[in-house]
Amino acid sequence: MARKFGMALGFLAAGMAGAAAQGWQPTKPIEFVVTSSPGGGTDNFTRMIQSIILKYKLIDQPIVVSNKGGGSGAEGYLVSKTSAGDPYKVIFGTNNAYLLPYVAKLGYKFSDLTPVAALALDEFLLWVKADAPYKTAKDYVEAVKAKPETYKMGGSQSKDTDQTLTSILSTATGAKFIYVPFQGGGAVGTQLAGGHINSHTNNPNESIGQWKAGQVRPLCVFSPTRLPAGPKVTETQGWADIPTCKESGIPVERFQMPRTVWLPAGTPAGAVQFYEGILKKVSETPEWQEYITRTVQTGQFLSGDSLKAFVANDDKLSREVFEREGWIVK
Amino acid sequence: MDGFSGLLHGFGVALTWYHVMLMVIGVLLGILVGVLPGLGAPNGVSLLLPLTFTMDPVSAIILLTSMYWGALFGGSTTSILFNIPGEPSSVATTFDGYPMAQNGRATEALSFAFLSAGFGAIVGVLLITALSGWVTQFALKFSSPEFFGVYFLAFASFVGLSGAPPLKAAVSIALGFSLAAVGMDSVSGSLRLTFGYDVLLAGISFLVAVIGLFGIGELILTIEDGLKLDGIRAKITPRDVLRTAAQMPKHWATLLRSSIVGCWMGITPGGPTAASFMSYGLAKRFSAYRANFGKGEPDGVIAPETADHSAGTSAMLPMMALGLPGSATAAVMLGGLMIWGLNPGPMLFVERPDFVWGLIASMYLGNVVAVVLVLATVPLFASILRIPFAIIGPLIVVVCFIGAYTIAGRPFDLWLALAFGILGYVFKKLDYPIAPLILAMVIGDKAEDAFRQSMIMSKGSLSIFWSNPLVTSLMLLGLVLLFWPLLGALRQRLRAARS
């Protein structure tokens, strides 16, 4: 019986190998194009995936990671156009893949990209300085409403996620901020710790150090549910103790940034399936769980139709903001 | 953990055979990338970074920082012997280092450079050791107006120093500003000066410009001069070093002033390049032998070298304590820190004292290792000169182009480097200063961002630059330096009128 079972397993394995062999397989080195500079969130995301693929030997071919972060990542997405149909260029990014072409005249269009998968959603929180008098997000928004255009909201870059969220927040509550763009989440965090701006909407990972040090504190999270409980960050609080913005009386239910993987348009469908399978396996490893927990993101694997639906929805939401703010370039 | 016990603990971490070996490897690799024009420290560190992903963070940072010290030393070697700065921050060292070498004082120039660099580095580390608690508070006071104040100060002190005709310096600065503006503008989020060319999307790297302007431009000039590399032979004997070392105390004022400038520019993110220029300018202004500057004055080597290294070392403090890189290389290392899973910030000092103090202790050791190694290996690097130019020239071209290519892996950068090479040649022929262009390319867009952020914060009122004592004193100091030549002229006229 046991022998039969073993044989069955053997057949099954052989069958699977056969099925895989029929599909697309890489036959030369693969380039992972990162649409951020070294050390950025997208860079960490890509290198994490690369190290898991190496550890579990998921791909036989060597993988080269190259950073093309110029022009807010447009440099990396451009690869989709210059290497159209090339299944050896895998592009890692965020939702700026489909949002960038709205706000700047770039050399690529969203139709130059083939969606492969999204592996995580990065969260946004509303942060204020630790010694600010506001107890809840509602208190803060009321204070901003009382004195329109005096409170400074910092964020990274212009017409990017932070400014979009600030606009959504303003429209939903009527609170008007002065938005000040800085070079990145780290610089924004330091500005808040120094009291030069009143608030920002950094991702958890960008401000965890300053929260621990008692320099800044989160008021609410722009997520439909609270963040998962983990070890306490400060003496008394952990991520799960932060109320959602909706609970705090701010009518913005959800604002999350997907971490996405793309291929150039015109790549064979087999290649898309191949990478989809690999990434699915990556998302199921303990190392990936550890990364998600450490960076306080929400792990969610999207591909195929679920990814398309997510992108369509996110695209619509952001486009409304861009149109309202007059950011769209013709 | 307070400073002293922390430091002792740090030496415990850093003083292992493995770590000392990493320092030696790092320094040697650093000297190599520093010597090769265009392959500077930021590049070298980013090339080495992927190798450290599997290492323990303390070992990784020791390797990378040692490479940085080596690159700083290597960069000054080629500045003095070949008039080719291996690093943007050693541009100022060429002003007097190369003339000294031409006058047959190459050994002296090199020894002065290394010893004052070592001095500057030690001052930088001492400062870090003493101030780590206090500076985290002080640096938090910096916002966009204060950053603009710092950049303004750097430009102003530079305009004051530039011996070139003011109009030519202004043209050079303006060109640098416009080159820095190419690409995505972070304040408005739109593209500028790309003319629809996708290759310009990411902007023009100042490293490519440096490779072209100095490396290739210099080579074209050399070829014109008759196919011989104008390098100077140098042999360093312990006796020469000791003799130079004995002269060091005479230059105490320059050493002290330059260390202060360097530390200031390292902690505020002015960076080593701005620091070395500013310090050179100040040394020239305060020197009794002002006329000798540019012709081979030892103070003209000591000033930029001391400032360069004290800025390079002290830049590590804001990097760890605030995540604010004070130099391009520190910015690359910051990326490494995050990849190794460390969160830069004040809490790093509390949570990972082994990392912080291990790094600080390794900076003492690493710089000593670097001085010894560089003194020992310079004859080796200088022996490159015995090779005929017909061989070494093409090799330098190849290295320059490889350097330009490795920055971003873009073939377009090769054409850019060539274009900058021709520009550098034209600049030298027409006697336009190149240094202001580089300075504007390095900090031009940061200065612009800081200015425009300030304007958004103040809703367009310039009074924000006089809104607190810190920014007011920065701006006043800048204005004084900017108009210093005019003030000098005015005083002379008054004196003439009186007599």
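**Exercise 1. Where is the place of Glu149(A) in chain A?**

Solution. Glu149(A) sits in the loop between helix H6 (137-146) and strand S6 (152-156) of chain A. Helices (H or I, at least four residues) and strands (E, at least two) are DSSP runs, numbered from the N terminus. The model is predicted: local features need pLDDT of at least 70 and side-chain atom pairs pLDDT 80 or more, while totals for chains, interfaces and linings use all residues. Residues are numbered from 1 along each chain as its sequence is written, and chains are lettered from A and ligands numbered from 1 in the order in which they are written.

Next, take the backbone. Glu149(A), a residue other than glycine, has a positive phi near 55°. Most residues other than glycine have a negative phi. Then take the surroundings. Glu149(A) is exposed because 11 other C-beta atoms lie within 10 Å. A residue is buried with 20 or more other C-beta atoms within 10 Å of its own, exposed with 12 or fewer, and partly exposed in between, the C-beta atoms being placed from the backbone.

**Exercise 2. Describe the loop before H19(B) and the residue just after the helix.**

Solution. Asp431(B) lies in the loop between helix H18 (412-429) and H19 of chain B. Its phi is positive, about 65°, although Asp431(B) is not a glycine. With 9 other C-beta atoms within 10 Å, Asp431(B) is exposed. Just after H19(B), Lys459(B) has a positive phi of about 55°.

**Exercise 3. Check the length, course and burial of H19(B).**

Solution. Start with the length. The 23 residues of H19(B) should span 33 Å at 1.5 Å a residue, and the end C-alpha atoms are 32 Å apart, which agrees. The expected span is 1.5 Å times one less than the number of residues. Next, the course: H19(B) bends by about 50° at Ile443(B). The bend is the angle between axes fitted to the seven residues ending at a residue and the seven starting there. Last, burial: 17 of the 23 residues are buried, so H19(B) is largely enclosed by the rest of the structure.

**Exercise 4. Analyse how H11(B) packs on H19(B).**

Solution. The axes of H11 (residues 271-286) and H19 (residues 435-457) of chain B come within 10 Å and cross at roughly 145°. Axes are lines fitted to C-alpha atoms, for helices over the stretch in contact, and angles run from 0 to 180 degrees between N-to-C directions. Now list the contacts, meaning residues whose C-beta atoms, placed from the backbone, lie within 7 Å. Thr273(B), Ala274(B) and Phe277(B) of H11(B) meet Ala435(B), Leu439(B), Val442(B) and Ile443(B) of H19(B). By class, this contact has six nonpolar residues, one polar and no charged. Ala, Val, Leu, Ile, Met, Phe, Trp, Tyr, Cys and Pro count as nonpolar, Asp, Glu, Lys and Arg as charged, and the others, Gly among them, as polar.

**Exercise 5. Describe the side of chain B that touches chain A.**

Solution. The contact takes 35 residues from chain B and 36 residues from chain A. Strand S1 (183-184), helix H14 (328-339) and H19 of chain B each give two or more residues to the chain B side. H14(B) provides the largest share, five residues. The classes on this side are 19 nonpolar, 14 polar and two charged.

Note on methods. Two residues are in contact if their C-beta atoms, placed from the backbone, lie within 7 Å.
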